[in-house]
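Trainee: I have a structure open and would like to look closely at one part of it. Could you walk me through it slowly?

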Amino acid sequence: MNLTKTLTGLLIIITMIGCSRNKLEQKGFSVSQQTSAEGEENTSGIAKDSLILKTRPGGILLTGNSQYRLTTVYLVNYNKRTETTFIGSDNFYVNYAELGNSNGNYWHENFLPGLEAVYGYNMVNISLFDTKAQKSNYFFNKPVLIKTLYFPSFTNDTLNYKPVLRNYYLISVYDEDSNGDGLINIHDLRHFYYIDSNAQNKTLLVPMNYSVLRSEYDPANDYMYVFAKIDTNKNGTGDDDEALHIFWIDLKNPLNNGLLY
């Protein structure tokens with residue numbers, strides 16, 4: 001396969017960031033539920049009109065730094081038909097493109113070199129546990145609706161024959177009721193953050209008045225290109241006729257970023 005076909009295949013895989021493979025559409029939750037306690041496990045049914053946000057841990061994510069382990073946190077959902085509760089499960093984006101397994105690029109099928117990508121139905125927070133300090137803290141101080149979390153891969157990847165080591169997290173989320181409908185869901189603006197290795201500091205990589213749509217990867221520069229719509233009319237949601245801009249993010253140091261188009 002020639003390089004053009006290989007790169008095309010890679011871009012198809014990478015642009016899946018903007019598409020959900022979940023069978024259930026993300027519901028989100030009421031803004032009033034954000035004040036509820038985090039991490040509280042639900043052991044009984046939840047009334048369909050309950051304003052109490054119950055959460056439950058999903059799975060453990062092994063990061064490339066053995067000091068830190070992540071736990072996905074999910075909204076406890078209620079099935080009216082069966083009158084039972086359920087949560088989402090961790091799903092991973094995988095890169096099968098040939099470029100990720102040839103010519104000095106060995107990514108162990110990770111979504112990006114050195115980064116795994118996880119998503120799940122109604123994932124509302126991430127808990128980081130510091131094994132040395134024996135302490136944990138949340139990525140967000142109140143529930144958000146997470147689209148995709150990128151975290152350092154447990155495996156040792158290479159890019160152009162060189163080791164790839166990441167010591168940060170990237171996350172795309174709906175974290176505010178931007179359209180004022182009383183809900184945090186996929187109709188709000190989606191934001192994109194950089195979070196440092198111990199989850200103490202969070203930095204917005206795309207301005208707050210944009211809604212992130214998708215991304216592409218540039219292996220020659222180790223850049224991520226993020227496509228986002230600017231909320232020109234300030235109605236708090238992404239409209240079809242609003243301008244699309246592209247931001248570049250240097251994955252060697254995501255705090256090095258800017259506007260490409």
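Which residue meets Lys252 in a salt bridge through the side chains?

Mentor: Happy to help, and please keep in mind that this is a predicted model. The residue you want is Asp250: its side chain and that of Lys252 meet in a salt bridge, with N to O at 3.0 Å. Now look at how the two partners sit. Lys252 has 53% relative accessibility, so it counts as exposed, the cut-off for that being over 50%. Asp250 has 8% relative accessibility, so it counts as buried, since buried means under 20%. This salt bridge therefore joins an exposed residue to a buried one.

Let's move on to a neighbour. Asp250 and Lys252 are both among the residues that Asp222 touches. Other residues on that contact list, which leaves out those up to four places away in sequence, are Pro113, Leu159, Arg166, Tyr217, Ile249 and Leu251. Find Asp222 in the loop between strand E19 (210-218) and strand E20 (223-230). At 6% relative accessibility, Asp222 is buried.

Two of those neighbours deserve a second look. Tyr217 is joined to Asp222 by a polar contact of 2.7 Å between their side chains. Arg166 forms a salt bridge with Asp222, and here the closest N and O atoms are 3.0 Å apart. That pair ties together distant parts of the chain, because Arg166 lies in the loop between strand E14 (162-164) and strand E15 (168-174), while Asp222 is in the loop between E19 and E20, 56 residues apart. Arg166 counts as buried too, with a relative accessibility of 10%.

How many salt bridges does the structure hold? There are three, and you have now met two of them, Lys252 with Asp250 and Arg166 with Asp222. The remaining one is formed by the side chains of Glu216 and Arg214, at 3.1 Å from N to O. Arg214 is partly exposed, with a relative accessible area of 28%.

Before you close the viewer, turn to a sheet elsewhere in the chain. Four strands make up an open, antiparallel sheet in the order E2-E3-E10-E11. Strand E2 (55-62) and strand E11 (135-138) are its edges, each pairing on one side only. From one strand to the next, the twist averages 25°. E2 runs antiparallel to strand E3 (residues 68-75), and six bridges join them. To trace one of these pairings yourself, select Leu62 and look for Arg69, its bridge partner in E3.

Key: Residues numbered from 1 in each chain as written. Predicted model: local features only at pLDDT ≥ 70, side-chain atom pairs only at ≥ 80, totals over all residues. Heavy atoms only, no water. Helix = DSSP H or I, 4+ residues; strand = E, 2+ residues; numbered from the N terminus. Buried < 20%, exposed > 50% of the residue type's maximum accessible area, 1.4 Å probe, protein only. Polar contact = N/O pair within 3.5 Å; in protein donor to acceptor, adjacent residues only side chain to side chain. Contact = heavy atoms within 4.5 Å. Pairing = 2+ DSSP bridges. Axes fitted to C-alpha atoms, helices over the stretch in contact; angles between N-to-C directions. Salt bridge = Lys/Arg side-chain N within 4 Å of Asp/Glu carboxyl O.
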